[in-house]
Amino acid sequence: MEKVKVLFLCTDAGRGKCFLCPAGGKRMAKGKNTTLFFCQECGHESAKWTGQCPACKAWNTMVEERISVTAKGMGGSVKTGAAGSGGRRTEPSRLSDVSLDSEERISAGIGELDRVLGGGIVPGSLTLVGGDPGIGKSTLLLQVCQKLADAKRKVLYISGEESLKQIKIRANRIGSIGDDFLLLCETNLAEVEDAIRRIRPDAAVIDSIQTMYSEEVSSAPGSVSQVREATNVFLQLAKGMNIPVFIVGHVTKEGTVAGPRVLEHMVDTVLYFEGDRHASYRILRGVKNRFGSTNEIGVFEMREEGLAEVENPSEFMLNGRPENASGSVVACSMEGTRPMLTEIQALVCGSNFGIPRRQAIGTDFNRVNLLMAVLEKRVGLQMSGCDAYVNLAGGIRITEPAIDLGIVMAIVSSFKNRAVDDKMLVFGEVGLSGEVRAVSMAGQRVAEARKLGFTTCVLPWVCADKMQAVEGMKIIGVKSVTDAIDLI
């Protein structure tokens, strides 16, 4: 009988997939076009679609993309910077040889932005600015370019969404801009990279990252692969050329930056522009900052000539507060190192339904339900048959526990229909036993209230016992919510 030789061939070769050959253990060659699935949250790659991402466990985040594979590898990695060009090798350095010179920062010319960034713009940093459409991201960065150009710094503004005439119209609205302000309308990543290397600006703005595309990646602009590739190029440019780069990112309906979650991990600073587009206020909040605190916020007011700084947010938030109205209490929260006074409004009324309605705007809904349960259990106020609405006036969102006592006082004031003194400030954390716990930086809160004309301050007894007397301010320390309610 003749011997028959049997050969096993890899059937996946040429099908656009990539598996390990079980015979030789070598990776089989890919086809020219490969279809992969990417997670929009974490950037995880998969050969097939799944309802839940295997990495971050998010549902319905896998999107299909066709990837063109070149000789360089999938997506064609871009080599930029001194370490990746010219064949030079990067050698490791000893930790003791690293100098700790004073960090030079560039002032943006906008005090609120400098505060959020930690004292100014750091050369070589990559900053991501996100926010809802029409909130003012491009206007803010255009004003930054205006201030830097007035300081004789060369600025390159790269727009992939607007024409030169559209940017000129917006620039005329915010004022004149110096000759050091350069414009470029381009979406090709290679052309943008070449322009930055050729011009060598002192700062660059990319508006927006979702419009940039690389010819070496076959997927559409704004896809996971394109956003990740473009961000990597701008990261290498910022670090290699030591220039600050600002990139604008679109947000999803959930309020997060569109694209892979790895985008926020790659950049140095992530800033979110918040606020109602139909209102005049805007809040710039830092959620990630490698060069400063992430607790600072900047407050702006949208005007016809652009964004104007609000140097005293407390006075701005309390503007138009009603007098001698029940359910209105002023509380104080800390945003980084800045105390901010906010009016807490509550409305408690009888319910016509079997299940009363509860609603909270500007604070945690579950926290409001918890505080109302404390009032029913520890104080004896029967509000199980009442609708309750809590609102933080001004549109700002606060989750600090220090406003617990203010929420409690506002609810009781509305329930009893008794007004709280207009010159009284209330703050403190409320526990499940009805006790009022201490909060941090009580002295700064009281000083801010005195500056705005408040004469009475209700705060935790522990903080009041350690605080020195403040001229013109009556300090009342309370140990429980019962003590605070007795003051109404």
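Helix H9 makes a good starting point: Asp404, Leu405, Gly406, Ile407, Val408, Met409, Ala410, Ile411, Val412, Ser413 and Ser414 are buried in it. In this predicted model, that amounts to 11 of the 13 residues of H9, so the helix is largely enclosed by the rest of the structure. From its first C-alpha to its last, H9 reaches 18 Å, close to the 18 Å expected at 1.5 Å a residue. Asparagine 417 follows H9 and lies in the loop between H9 and strand S18 (424-426). In contrast to the buried residues of the helix, asparagine 417 is exposed, with a relative accessible area of 59%. Its phi is near 55 degrees, a positive value in a residue other than glycine.

Some of the surroundings of H9 can be seen from glycine 327, which sits in the loop between helix H7 (313-317) and strand S14 (328-335). With a relative accessibility of 2%, glycine 327 counts as buried. Leaving out residues up to four places away in sequence, glycine 327 touches Ile344, Gln345, Ala346, Ala410, Ser413 and Ser414. Ala410, Ser413 and Ser414 are among the buried residues of H9. Another buried residue of that helix is Val408; the C-alpha atoms of glycine 327 and valine 408 are 9.8 Å apart, although 81 residues separate the two along the chain.

Helix H8 shows another pattern of burial. Its 15 residues (365-379) should span 21 Å at 1.5 Å a residue, and the end C-alpha atoms are indeed 21 Å apart, which agrees. Val368, Leu371, Met372, Val374 and Leu375 are the buried residues of H8. Because they cover an arc of only 150 degrees around the axis, they fall on the same side of the helix. This is a familiar kind of spacing: an α-helix has 3.6 residues a turn, so residues three or four places apart point the same way. On the other side of H8, Asn366 and Lys377 are exposed. The cover over the buried residues of H8 includes strand S16 (358-361), strand S17 (386-392), helix H9 (404-416), strand S19 (429-430) and helix H12 (481-485). Both ends of H8 can be described as well. At the start, a side-chain oxygen of aspartate 364 comes to within 3.3 Å of the backbone nitrogen of asparagine 366. After the end comes glycine 380, with a positive phi near 90 degrees.

Rings are worth a look too. The count of aromatic pairs comes to 2. One of them is formed by phenylalanine 273 and phenylalanine 300, which meet edge-to-face at 6.0 Å centre to centre, with 70 degrees between the planes. Phenylalanine 273 belongs to strand S10 (residues 269-274) and phenylalanine 300 to strand S12 (residues 297-303), so the pair ties together parts that are 27 residues apart in sequence. Phenylalanine 273 is buried at a relative accessible area of 3%, and phenylalanine 300 also counts as buried, at 1% relative accessibility. Elsewhere, charged side chains lie over ring faces. Arginine 445 sits over the face of phenylalanine 427, at 5.5 Å from the ring centre, and lysine 479 over that of tryptophan 461, at 4.5 Å from the ring centre.

Threonine 456 offers a view of another region. This residue is in strand S21 (residues 456-460) and, at 10% relative accessibility, counts as buried. Apart from neighbours within four places in sequence, threonine 456 is in contact with Asp421, Lys423, Met424, Leu425, Met473, Lys474 and Ile476.

A few backbone details deserve a mention. Most residues other than glycine have a negative phi, and most peptide bonds are trans. Against that background, aspartate 207 and serine 208 are joined by a cis peptide bond, with omega about 5 degrees. Serine 208 is found in the loop between strand S8 (203-207) and helix H5 (224-241). Asparagine 60 has a positive phi, near 55 degrees, and lies in the loop between strand S2 (45-46) and strand S3 (62-70). At 62% relative accessibility, asparagine 60 counts as exposed.

For the chain as a whole, the secondary structure comes to 12 helices and 22 strands. Buried residues make up 46% of its 488 residues. Among contacts between residues at least 6 apart in sequence, 65% join residues at least 24 apart.

Technical notes:
Residues numbered from 1 in each chain as written. Predicted model: local features only at pLDDT ≥ 70, side-chain atom pairs only at ≥ 80, totals over all residues. Heavy atoms only, no water. Helix = DSSP H or I, 4+ residues; strand = E, 2+ residues; numbered from the N terminus. Buried < 20%, exposed > 50% of the residue type's maximum accessible area, 1.4 Å probe, protein only. Contact = heavy atoms within 4.5 Å. Expected span 1.5 Å × (residues − 1). Arc of directions from axis to C-beta. Polar contact = N/O pair within 3.5 Å; in protein donor to acceptor, adjacent residues only side chain to side chain. Phe/Tyr/Trp six-rings, centres within 6.5 Å; stacked < 30°, edge-to-face > 60°. Lys NZ or Arg CZ within 6 Å of the ring centre and 35° of its normal.
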